[in-house]
Amino acid sequence: MSADLLIRNGWVIDPSQKLNGLYDIVISDGRILDVERADEGQATEPIGARETIDAAGCFVTPGLIDLHAHVMPESTQLGVRADSVGIEQGVTTLVDAGSAGAWTFDAFLKEAVEPSVTRVLAFLNISGDGLCKGGAELSDMSRLAVKDAVTLISEQPSIRGIKARMSASVVKANGLAPLVVAKQAAREAGVPLMVHIGNAPPALSDVLGLLDKGDVVTHAFHGKKGGILDEQGQLIPEAESALARGVLFDVGHGEASFSFRTMQQAKALGIAPYSISTDVHVRNLNGPVHSLTHTMSKFLALGYTLYDIVAACTAAPAKVLGLEREIGTLAPGAHADVTILKKEQVPAALTDSEQETIFAKETVFAQQVISSGKVLTCT
Ligand SMILES: [Zn+2]
């Protein structure tokens with residue numbers, strides 16, 4: 001057998017196939033060709049490959065997916081260059097969560113999709129402008145673009161869902177009305193809806209009531225008033241029933257939207273985030289977010305296993321995107337997107353969005369990344 005690339009000796013974590021052990025990954029023509037158990041003490045030379053990576057001492061995972069980022073650097077004030085938070089940080093797929101709307105999507109293609117090595121996908125803002133005209137994009141109902149969004153989704157495979165931000169500062173006097181419209185558009189287009197939650201109104205209990213199985217709540221573990229937990233640290237009933245019917249809770253760390261305290265309380269109730277994402281943008285890139293791997297390190301410090309954390313950054317977001325056979329997996333036939341992670345046993349102080357600090361005994365960072373079979377080094 002001859003292949004383009006062989007990744008040997010690494011500890012493979014691929015929750016999509018329940019793999020957690022020593023495997024060799026064989027890559028050919030930009031796709032995963034095979035995953036083979038590496039038997040200890042036995043030279044695995046029979047596979048001939050033009051290039052070999054020795055991943056000894058590293059974790060080899062499907063290419064990481066960040067389900068919530070902002071990568072429209074020219075038309076929005078908060079956007080960052082996609083590759084700087086994507087491929088250069090070991091993230092092979094980025095999902096921009098609502099920077100662009102139907103009326104600004106052409107600019108998004110030019111600024112984010114076309115110039116990037118990183119695979120850039122989008123949740124389309126239900127506001128036609130997206131975030132290109134400031135942060136109150138759902139305060140004027142005449143700027144919501146249902147028909148145009150539905151049409152665009154049918155034409156653009158990089159759009160995987162619809163985004164609506166349900167905070168008082170975004171919707172102003174409109175309350176739940178923009179969410180009702182966004183939900184209708186998502187149903188019509190057959191895609192999931194991602195809802196940002198923040199300060200009421202609208203109340204979270206009302207927002208959750210409108211969501212279906214497969215819809216995503218981002219910023220689910222924020223530390224503001226009116227979140228998923230009540231004052232006694234118990235789940236509010238609407239959050240409990242949302243989880244029970246398959247609504248997915250995403251992290252979306254951001255500058256103001258992730259609290260260790262909330263996460264620890266939720267963990268004590270047996271709740272883990274479905275997906276771990278950053279909400280990275282210019283105002284949190286240099287702290288508290290930094291990168292997806294930095295965010296993953298926070299979950300290690302909170303006591304989640306690396307296996308569960310990797311699942312929340314690979315198989316889980318891939319499923320939200322409806323791309324679970326293509327990305328977020330090392331199954332034969334999938335895109336050869338691979339992240340090589342290293343754990344560093346160096347104590348670190350990690351900070352959330354509430355300026356709370358926890359101490360981590362170890363952190364993870366991306367050492368190398370393979371994007372559709374191409375080998376790149378991370379910064
Ligand atoms: Zn965001």
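A salt bridge is taken here as a side-chain nitrogen of Lys or Arg within 4 Å of a carboxyl oxygen of Asp or Glu. Under this criterion, Lys-183, Arg-187, Asp-212 and Asp-215 are linked in a network of salt bridges. The model in which this network occurs is predicted, and the structure holds 11 salt bridges.

Within the network, Lys-183 takes part in two of the contacts described here. Its salt bridge with Asp-212 has the closest N and O atoms 2.8 Å apart. This pair joins distant parts of the chain, since Lys-183 belongs to helix α5 (residues 177-189) and Asp-212 lies in the loop between α6 (204-209) and β11 (216-218), at a separation of 29 residues. Lys-183 also meets the side chain of Asp-215 in a salt bridge, with an N to O distance of 2.7 Å. Here again distant parts of the chain are linked: Asp-215 is placed in the loop between α6 and β11, 32 residues apart from Lys-183 in helix α5.

The members of these pairs were assigned to classes of solvent exposure. Lys-183 has a relative accessible area of 7% and is therefore buried, the cut-off for this class being under 20%. Asp-215, at 2% relative accessibility, likewise counts as buried. Asp-212 has a relative accessible area of 28% and is partly exposed, because this value falls between the 20% limit for buried residues and the 50% limit for exposed ones. The contact between Lys-183 and Asp-215 thus pairs a buried lysine with a buried aspartate, whereas the contact with Asp-212 involves a partly exposed partner.

A further salt bridge is formed by Arg-165 and Glu-137, whose closest N and O atoms are 2.8 Å apart. Distant parts of the chain are again connected: Arg-165 is located in strand β9 (residues 159-166), while Glu-137 is in the loop between β8 (119-125) and α3 (146-155), 28 residues apart. Both partners fall in the buried class, Arg-165 with a relative accessible area of 16% and Glu-137 with a relative accessibility of 6%.

Covalent cross-links between cysteines were also examined. A search of the whole structure finds 0 disulfides. Cys-378 is accordingly in no disulfide, and the nearest cysteine sulfur, that of Cys-58, is 11 Å away; a disulfide would require the two sulfur atoms to be within 2.5 Å. Cys-378 has a relative accessibility of 11% and counts as buried.

Terms used. Residues are numbered from 1 along each chain as its sequence is written. This is a predicted model: local features need pLDDT of at least 70, side-chain atom pairs count only at pLDDT 80 or more; totals for chains, interfaces and linings use all residues. Side-chain values use heavy atoms; hydrogens and water are left out. Helices (H or I, at least four residues) and strands (E, at least two) are DSSP runs, numbered from the N terminus. Buried means under 20% relative accessible area, exposed over 50%, partly exposed in between (1.4 Å probe, protein chains only).
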